[in-house]
Each structure stands twice: as C-alpha cells, then as structure tokens.
Amino acid sequence: MIVPTGTADVLLRTEGRAGIITLNRPRAINALTHPMVLAVDAALTEWEHDPAVATVVIEGAGERGLCAGGDIRAIHDDARAGGTASAAFWRDEYRLNARIARYPKPYVALMDGIVMGGGVGVSAHGSVRVVTERSRVAMPETGIGFVPDVGGTHLLGRAPGELGTHLALTGGHVGAADAILTGLADHFVPSAELPALLRDLTRLPAEEAVALHSATAPPGVLAEQREWIDACYPAETVETVLERLFETGVPAAKEAATTLLTKSPTALKATLATLRRSRTLATLEEVLDLEFRVSCAALTTPDLVEGIRAQVVDKDRDPHWTPARLDEVTDEDVARCFTAPPGGDLGLAAARRTREDRGARAGA
C-alpha cells in the first residue's frame with residue numbers, strides 16, 4: 001500500500017516496509033529550505049514509532065541529484081538584511097543531521113547525482129549510504145566564504161590521512177569510489193539499478209536489499225594522490241599548506257594550490273581551524289555545536305554575501321574577498337568564529353548528555 005503525504009517540496013510515502021522521503025525541488029537540485037527540514041524531521045518522528053516502517057529511504061526528485069545543499073539565495077538575502085532566519089534554519093537543520101546519525105532504524109540515502117553541503121548532511125550521516133557512477137559529493141563552502149557545516153567537519157576530519165582537509169579547503173567534489181574511501185558513503189550501486197533497489201527496500205531488510213545490487217565502483221583518484229596530500233596538509237597554517245603544495249612539483253598539487261588561492265582567505269583559515277578542533281571532539285553533536293558558532297559568525301562577515309553573489313546571484317565567478325589575502329586574516333579574526341552567537345549556542349551535546357543521564361537513571 002502506498003500512502004502519500006508531505007508537502008509540495010517534500011513528498012512522503014510508505015510502501016511495504018519502507019518510509020520514503022523524496023526531496024522535491026528538482027529545478028533547484030532539491031536545495032533545502034527551512035520547511036523542508038521540518039517536514040523531514042516530522043516524518044522521522046512518525047516513522048520511528050510506526051512498527052510497519054522498518055526502513056527509511058531518502059531520494060531526490062529529478063535527474064540532477066539528491067540535494068545541492070541549503071537554499072543559499074535565502075541565506076544571502078538574510079545575511080544582507082542582518083536577519084535571524086539563517087540561524088533559525090541551521091538550528092533545525094543541524095538537529096536533523098544529528099537525529100539522522102542516531103536514528104534507530106536503517107536510514108538509506110540514495111546519493112545519486114549532485115550531493116553537496118546540506119545534501120551531505122541529510123545523507124552521509126545515515127546508516128546506509130549509496131552512491132552511483134553519477135554521484136558528485138562535495139562540501140564546497142570555502143568558495144562562497146563559508147565553512148563546511150552540517151557535520152561536514154566531523155565527516156571530513158575522520159577521513160583517512162589528510163584527504164578530508166584537502167576536500168574541505170579546496171571544496172572539490174568526489175565520485176563514488178572516493179566518497180567510499182573518505183567515509184562519505186558505503187556502497188556503490190549503478191544508477192540503472194536504483195529503481196530495482198528501491199523496490200527491494202520496500203520488501204527486504206536494508207542491508208540485504210543493498211547487497212543484491214552492490215557492485216565495484218569505477219576507480220577514483222584520491223588513493224593515488226594520498227602521498228602528496230598527506231605530506232602537504234598536516235600543517236599549522238593555510239599558508240604552509242600552500243607552500244608545500246607549490247613545492248611538491250606534482251601537477252595535481254599545484255592545481256590544488258591554485259584552487260585554494262581562489263577561495264575566501266577567511267573561510268580557508270576558519271575551515272582549517274574548525275577541522276582541527278572537530279578532530280578532538282568525541283561526538284557529532286559536539287561538532288555541530290562548534291559548526292553552529294562558526295556558521296553564525298559567517299553571517300557577520302562580508303565574504304558570505306559576496307561569495308554567494310559571485311557564484312549564485314550574479315554568477316560572474318569573480319568574488320572580491322575581504323580581507324583579500326591570507327596574511328591579512330589575523331588570529332583574532334579566526335578566534336571570533338568560535339564565539340557564542342547572539343541567539344545562544346545550539347546545545348546539542350548538552351541535550352544528548354541530559355537524555356543519557358535520564359536513561360541511566362531510569363535503568364538504575
């Protein structure tokens with residue numbers, strides 16, 4: 001039986017043993033709005049307590065991808081106006097990311113096509129993550145004067161060696177094999193198999209269904225680049241990373257360095273600092289609390305508005321960063337990214353500890 005519900009931008013249905021979420025803004029590559037986040041969260045609440053739903057699946061409408069991220073045009077307008085809508089959106093989005101990671105039922109993300117930014121947040125924290133030959137997975141925030149969020153620094157900070165640092169700073173996208181290598185995905189399924197996989201997810205346990213359709217991903221590129229990536233990126237500063245990249249003599253390393261020079265200097269330094277801090281934190285909730293501070297701080301900098309203008313609004317691809325050079329970004333500038341926002345901290349880690357304490361007392 002198929003029972004469709006939801007809103008125009010998020011379609012919900014139950015079919016067999018599966019609850020299926022379809023992000024439904026194909027013209028915007030299913031970019032997330034605040035109401036969409038709330039709709040997904042509400043579905044997870046309903047299906048968590050529904051014994052008829054054994055597996056949750058998330059997919060994207062259209063042919064272009066699962067989700068291109070958050071609605072950054074709305075963030076651009078809010079930041080220009082000095083509003084509070086973006087912070088409110090992130091509060092609920094990051095709570096959803098944490099919930100996905102702790103969801104008690106299999107959460108299967110079909111990461112076909114473009115999966116970037118917020119799209120990573122609603123997929124890569126899931127328990128079963130499927131990529132295809134069309135997958136392009138990325139956290140491209142430094143290119144818009146922002147920092148990887150939605151738990152992105154948690155995921156990338158735990159990638160092998162310095163692969164996550166490379167991807168976070170350059171904003172580069174990866175295909176299926178490299179998404180699996182870096183821990184952003186688990187299984188490769190050819191895109192032509194997705195309809196059959198979805199049918200099997202409605203009648204079989206999630207891992208069994210995926211196993212029926214899994215194959216070996218086409219070769220990636222990061223495994224062969226590990227030597228220079230691991231040599232160049234474990235540095236104290238972005239400036240040192242750049243020096244090492246240019247000095248290696250490896251063409252791909254020089255290309256990465258050239259890419260870094262196009263990114264927001266403030267965002268690069270804040271991203272490196274956030275990654276290093278996230279590696280010392282034990283839980284995703286702690287990292288999301290940290291990222292919330294950094295995201296809110298970005299709203300007060302000129303680079304976020306300018307980066308979105310250049311990449312999305314005017315599309316001239318010619319951002320003018322402030323400050324314009326890495327050596328003009330001070331330690332104090334970076335430290336300000338980690339101060340508590342005016343509206344207060346996210347508080348996910350504290351809330352989790354409270355729940356665990358209550359559970360421990362109830363079980364005593």
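## A three-stranded sheet

In this predicted model, strand β7 (residues 114-116) runs parallel to β9, and three bridges hold the pairing together. If you want a spot to start looking, find Ile 114, which sits opposite Arg 136 in β9.

Zoom out a little and β7 turns out to be the middle of an open sheet of three strands, in the order β5-β7-β9, with parallel pairing. The edges are β5 (65-67) and β9 (136-138), each of which pairs on one side only. Going from one strand to the next, the twist averages 15°.

## Strands β3 and β4

Another parallel pair is made by β3 (residues 18-23) and β4, this time over six bridges. Here Gly 19 of β3 faces Val 56 in β4. How much of β4 is covered? Most of the strand: of the six residues in β4 (residues 55-60), five are buried.

## Helix α11 and its buried side

Now for a helix. Along α11 (residues 238-247), the buried residues include Val 238, Val 241, Leu 242 and Leu 245. These four lie on the same side of α11, because the arc they cover around the axis is only 100°. That fits a general rule: an α-helix has 3.6 residues a turn, so residues three or four places apart point the same way.

What do the buried residues of α11 pack against? Their partners are three helices: α10 (222-232), α12 (251-260) and α13 (265-278). After α11 comes Gly 249, with a positive phi near 80°.

## The nonpolar cores

Leu 245 shows up again in the largest nonpolar core, a set of 83 residues. It is listed there among the residues with the most contacts inside the core, along with Ile 21, Leu 23, Leu 44, Trp 90, Val 137 and Tyr 233. A separate core of 16 residues lies apart from this one, with Ala 18, Leu 197, Leu 204 and Val 210 among its members.

Trp 90 is worth a click. Setting aside neighbours within four places in sequence, Trp 90 is in contact with Ile 75, Phe 146, Asp 149, Phe 292, Ser 295, Cys 296 and Leu 299.

## Salt bridges

Side chains of opposite charge can pair when their charged atoms come close. How many salt bridges does the model have? The count comes to 24.

Take Asp 316 and Arg 309, whose closest N and O atoms are 2.7 Å apart. Are the two partners buried or exposed? Arg 309 is buried, at 17% relative accessibility, while Asp 316 is partly exposed at 39%. Arg 325 and Asp 327 also form a salt bridge, with their closest N and O atoms 3.0 Å apart. Of this pair, Arg 325 is partly exposed, with a relative accessible area of 47%, and Asp 327 counts as exposed at 53%.

## A charged network at α17

Glu 356 and Arg 352 meet in a salt bridge too, at 3.0 Å from N to O. Where do they sit relative to each other? Both belong to helix α17 (residues 348-363), and being four residues apart, they are separated by about one helical turn. Glu 356 is partly exposed, with a relative accessible area of 41%.

This pair doesn't stand alone: Arg 102, Glu 285, Arg 352 and Glu 356 are linked in a network of salt bridges.

Notes
Residues are numbered from 1 along each chain as its sequence is written. This is a predicted model: local features need pLDDT of at least 70, side-chain atom pairs count only at pLDDT 80 or more; totals for chains, interfaces and linings use all residues. Side-chain values use heavy atoms; hydrogens and water are left out. A salt bridge is a side-chain nitrogen of Lys or Arg within 4 Å of a carboxyl oxygen of Asp or Glu. Buried means under 20% relative accessible area, exposed over 50%, partly exposed in between (1.4 Å probe, protein chains only). Helices (H or I, at least four residues) and strands (E, at least two) are DSSP runs, numbered from the N terminus. A nonpolar core is a set of buried Ala, Val, Leu, Ile, Met, Phe, Trp, Tyr and Cys residues joined through side-chain atoms within 4.5 Å. Contact means heavy atoms within 4.5 Å. Two strands pair if DSSP finds at least two bridges between them. Axes are lines fitted to C-alpha atoms, for helices over the stretch in contact, and angles run from 0 to 180 degrees between N-to-C directions. The arc is that of the directions from the helix axis to the C-beta atoms.
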